[in-house]
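Please look over the sequence and the coordinates below before reading the report that accompanies them.

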Amino acid sequence: MKFNKDTLRKFTPFVLMLGFVLFKIPDLFLPYFWDEAWSYVPAIKDMTLKGPSLLPNSISPDMYRGHPLLFYFMSSTWIKLFGTNIWITKLFPLIISLFFLQTVFSFTKKNFNYLTAILTLFFLIIQSVFFAQSTFLLPEVLIALFTVLSLKSYIDKKYASTIIWLTFALYTKESAIVIWGVITFLRTLEVYKTSGLSIIDKFNRILLFFVPISLVFIFFLVQKLIVGWYFFPEHLSYINLKEFAGRLDGYSSYLFIFMGRNLLTVFGLIALIWLIIRKESQLKDKRPILFVLLLFVVTYLLFSSVNFYSPRYILSILPYMIMIWVYFIVTVTKKYHKAFTILLFTVIAANNLHFTLNKRGGHDHTLGYRDLISVYSDIAQYCEEIEIYDSSIYAHFLMYNNLTNPDLGYLGNGKGVFTNIQNKFTEETEFAIISSSELDKNAYETIRKKGLLMKRFEQKGCWSELYKMENH
C-alpha cells in the first residue's frame, strides 16, 4: 500500500483509538469502583439472573433507582452472552467508548473539517473524565453516544434515525430530556419557518418528535402504577434551586477551566474574538451548527445545575466545547506557519495532560480511581490474610460493599465475605477501616486515639488504614 498524505489522514484516528485501547487494557482487570460497585453492578447482575428487561420493577427499584432500563438491559444481555468475568463486563463500556470516539470524529469532520476532527478526537481521549469513565459499567458514555448520534441524525435531516436515537437516549437516563427538548425546539422553529405547509402538515411534522418522550413517559407511568412513584424519591430530594448558582459555577468551572481545559478555553476565546473582529466568513458559515451546539451546552448546564453535582455528567457536552474551541483556534492559526499551529496545540495538550496525569484524587472522573482501587484491594487482601471475617468491623460505605460483595473483585481467596461490618463506630467494634475517601474526621480521631494501627496502604495520595481497638 502506498503511504501518502491521504493514507496518513485515513489511519490517524484509528492509531489514536488503538493507543487509547492499549492504555486502557489494564483497567479491564480492575475491581468495580464507586457507583458501579454499590449501585450499577448489583442491579445489572440481578437483571442478568432474572433476565434482561426494559419493564419497571423487573428488578427491585431500589437497585436501579428508578432510571429507565436500557443500559441495564444492554449490560445484562452482554453478560448473559459473554460471561461474568470482570474484564469481559468492562469490555462492554470500552466498546461503547470506541463507538463514541468514532462518532464524535465523524460528526466533527463533517460539520467542521478534518484537522478540527482529529484534534478533537485527541483532546477528548486525554480528558481525565472520559478516560476514567470509558471502562466503568456506568451509563454516562452511552448517553453521550446517543446524544451525538441524535444531533448527527438531526443535522443530516435523517429524522427517523433521530427519533430512534432520542428514544434510546431517553431510555438510558432522564437527563436525555435536554437533547430531546433542544432538537424538538429546533424542529419546531424549522417547521414554523417552512412556507407552503398547512397547519395540519406542520403539526404532523412536529408531532413525530414527541414519539420518544411519549414512549419513555409510558415507562414512568407504568413505574408509578407498580411501585407508587414516577421518579426515585431520593433523586427528587437532590433537586435544589437554592444551590443552582453554586452548581452552575461548579459545572461551568469544570467544563471550561478545571483539569487543564483552561488554556483551551483561553485560546479558543482569543481566536473567537479575532474571528469576530476580522469578520471572517468561516465564522458566519458555521453559525447554524455553532448555534445548535451552544444551545445544547447551555441548556444542559442549566438543567444539570438544579440536580445532583457529579463531574462525570459533563461528558454529554464536553466533546462539543472541545470541537468549538479547536475549530476557532484552527481557523485562526491555519493562515500562519504550520509550525505555529503545532506549537500552540502542543502547549495546550501538554497543559491538559499534566492535569490529567497528576491531578488524581480518588474519584471516578480522574486517574485517581486506579490509586483508590489499589489501596482498597490491598486493605481487603490484608483483612483476608488475618482472617477477621466474623469480627466486628467499622468501615465506610464503599469499603462495606467491597468486603461484603464478592462480585466486586476485592475478595480473592474464596473463603467468603465479611459478615459483621458496621457503618457506626461503637464500643463493640474490634477493627476499623479508615480511608482517604469518605473520611469521617471525628470517627478517625477517636479511632486513632483508641486503636492500634495494624496496616496502612498508600498510593499517590490515596490511603487506607486498618486499626485494631485496644480494648479487644
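This report on a predicted model takes up a sheet, two helix pairs and a few single residues.

## The sheet and its order

Five strands make up an open sheet of mixed pairing, and their order across the sheet is E2-E1-E3-E5-E4. Its edges are formed by strand E2 (421-422) and strand E4 (451-459), each of which pairs on one side only.

On the E2 side, strand E1 (residues 393-394) is joined to E2 by two bridges, with the two strands running parallel, and the partner of Tyr 394 in this pairing is Gln 422 of E2. E1 also pairs with E3 in the parallel sense, again over two bridges, and here Ile 393 is found opposite Phe 431 of E3.

## Strand E3 and its surroundings

Is strand E3 (residues 431-435) buried on one side or on both faces? Both of its faces are covered, since Phe 431, Ile 433 and Ser 435 on one side are buried, as are Ala 432 and Ile 434 on the other. With five of its five residues buried, E3 is therefore largely enclosed by the rest of the structure.

Besides its parallel pairing with E1, E3 is joined by five bridges to strand E5 (residues 462-469), and these two strands run antiparallel. Within that pairing, Ala 432 of E3 has Tyr 467 of E5 as its bridge partner, so that the residue can be placed both by its buried side and by its partner across the sheet, in line with the enclosure of the strand as described by its five buried residues.

## The E4-E5 hairpin and helix H20

E4 and E5 are antiparallel and are connected by eight bridges, with Leu 452 standing opposite Lys 468 of E5. The two strands form a hairpin that has two residues between them, and Lys 460, which lies in the turn, has a positive phi of about 45 degrees.

Helix H20 (residues 368-385) lies across E3, E4 and E5, and runs at about 145 degrees to E4.

## Helices H17 and H18

The axes of helix H17 (residues 287-304) and helix H18 (residues 318-333) come within 10 Å of each other, and their crossing angle is roughly 140 degrees. Angles over 145 degrees would count as roughly antiparallel, and H17 and H18 are therefore oblique to each other. The handedness of this crossing is left-handed.

On the H17 side, the residues that meet H18 are Leu 290, Leu 293, Leu 294, Phe 296 and Val 297, while H18 contributes Tyr 320, Met 321, Met 323, Ile 324 and Phe 328. Sorted by class, this contact of H17 with H18 comprises ten nonpolar residues, with no polar and no charged ones.

## Helices H1 and H5

Helix H1 (residues 5-24) and helix H5 (residues 86-111) have axes that come within 11 Å and cross at roughly 155 degrees, which makes H1 roughly antiparallel to H5. H1 passes H5 in a right-handed crossing.

The contact involves Pro 13, Met 17, Phe 20, Val 21 and Lys 24 of H1, together with Leu 94, Ser 97, Leu 98, Leu 101, Gln 102 and Phe 105 of H5. By class, the contact of H1 with H5 is made up of eight nonpolar, two polar and one charged residues.

## Gln 223 in helix H12

Gln 223 belongs to helix H12 (residues 211-227), and its relative accessibility of 0% means that it counts as buried. Apart from its neighbours within four places in sequence, Gln 223 is in contact with Pro 56, Tyr 64, Gly 66, Gly 228, Trp 229 and Tyr 230. Between Gln 223 and Leu 207, the separation is 16 residues in sequence and 25 Å in space, taken from C-alpha to C-alpha.

## Two loop residues with positive phi

Which backbone angle marks out Asn 57, a residue other than glycine? The phi of Asn 57 is positive, near 70 degrees. Asn 57 is placed in the loop between helix H2 (35-50) and helix H3 (61-64), where a relative accessible area of 33% makes it partly exposed.

Lys 157, likewise not a glycine, has a positive phi of about 60 degrees. Lys 157 is found in the loop between helix H8 (140-155) and helix H9 (159-170), and at 54% relative accessibility it counts as exposed.

Conventions:
Residues are numbered from 1 along each chain as its sequence is written. This is a predicted model: local features need pLDDT of at least 70, side-chain atom pairs count only at pLDDT 80 or more; totals for chains, interfaces and linings use all residues. Side-chain values use heavy atoms; hydrogens and water are left out. Axes are lines fitted to C-alpha atoms, for helices over the stretch in contact, and angles run from 0 to 180 degrees between N-to-C directions. Helices (H or I, at least four residues) and strands (E, at least two) are DSSP runs, numbered from the N terminus. Angles under 35 degrees count as roughly parallel, over 145 as roughly antiparallel, 65 to 115 as roughly perpendicular and the rest as oblique. A crossing is left-handed if the near helix is turned anticlockwise from the far one by less than a right angle, and right-handed if clockwise. Contact means heavy atoms within 4.5 Å. Ala, Val, Leu, Ile, Met, Phe, Trp, Tyr, Cys and Pro count as nonpolar, Asp, Glu, Lys and Arg as charged, and the others, Gly among them, as polar. Buried means under 20% relative accessible area, exposed over 50%, partly exposed in between (1.4 Å probe, protein chains only). Two strands pair if DSSP finds at least two bridges between them.
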